[in-house]
Amino acid sequence: MEALPRETIVDVLESRLREDILDGRHPAGSYLPPERQLADGYGVTRTTLKHAFGRLVQAGLLETRHGVGTRVRDYARLGGADLLPMLVRHSPDWIGEIFEVRRSIGALIAERAAGRATAKQRAELRELLEAVRTAEGGDAVQLADIDVHRALARATGNRVYVLLTNTLFNAYVPVRAALVGPFTEPRAAHGRLAPVVEAVAAGDESAARRAAEAYLTATERIMLEGLA
């Protein structure tokens, strides 16, 4: 194996091991080679290797068994949605699957919000929508748009929807700059999102779902074009 550079050695080793696991070079369920052998192969100390292992255990990719060894965890079967940012960073192919979930969850959240939002929450949604129109720059518009969706999730009264919304947005972080397409024009971004907020504010559940589906489909198409 090629020796690793000494700068940020743990970071580099962690990245190399992570890529080897996600690429299938170390299959799920398999044990990694003995620490001394692996450390010698990468040209690092066992202490450095243990630090990298610790990070990958925290990430949900490895599990250590005292006296047995370090095994690759079956993250696809046992892992949670917190792995998504790492998986997207490894392969943007995950984005398409995230968007499929985004469409389903986003439409359901809008429908639930329309039926449950309080007057205060409806007023907040209108204020946040206006912030989309007045934001300057694609990044700022994108963040303002995210604030609206988080408020929609809160308006459902269901904390799980809030956590799911946060999880989906966190999954975009590694490629967020490439997904700015729908947000480069504030007025256009506002115009796409306004029907969702208006339907929720009116308490019209079916209209809110339809508006959310239209919004999510339109923005997804633009974002995928940006990734391509």
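Buried means under 20% relative accessible area and exposed over 50%, with partly exposed in between (1.4 Å probe, protein chains only). This is a predicted model, so local features need pLDDT of at least 70, side-chain atom pairs count only at pLDDT 80 or more, and totals for chains, interfaces and linings use all residues. Residues are numbered from 1 along each chain as its sequence is written, and side-chain values use heavy atoms, leaving out hydrogens and water.

**View 1. Helix 7 and its two faces.** Helices here are DSSP runs (H or I, at least four residues), numbered from the N terminus. Look for Leu125, Leu128, Leu129 and Val132, which are buried in helix 7. They sit on the same side of helix 7 because they cover an arc of only 105° around the axis, going by the directions from the axis to the C-beta atoms. Ala119, Lys120 and Glu127 are exposed on the face turned away from that buried side.

**View 2. What surrounds Val132.** Contact means heavy atoms within 4.5 Å. Leaving aside residues up to four places away in sequence, Val132 touches Val141, Ala144, Asp145, Val148, Pro186, Ala189, His190 and Leu193. The buried residues of helix 7 pack against helix 8 (138-155) and helix 10 (186-202).

**View 3. The largest cavity.** A cavity is a set of points on a 1 Å grid over the protein atoms alone where a 1.4 Å probe fits but cannot get out; lining residues have an atom within 4 Å of a point. This one holds about 280 Å³ of space. Of its 20 lining residues, Arg102, His149, Thr165, Phe169 and Leu216 lie nearest the centre.

Methods:
On a 1 Å grid over the protein atoms alone, a cavity is a set of points where a 1.4 Å probe fits but cannot get out, and a pocket is an open set with protein on both sides within 12 Å along at least five of seven lines; lining residues have an atom within 4 Å of a point. Grid points are joined across faces, edges and corners, and a volume is the space filled by probe spheres set on the points.
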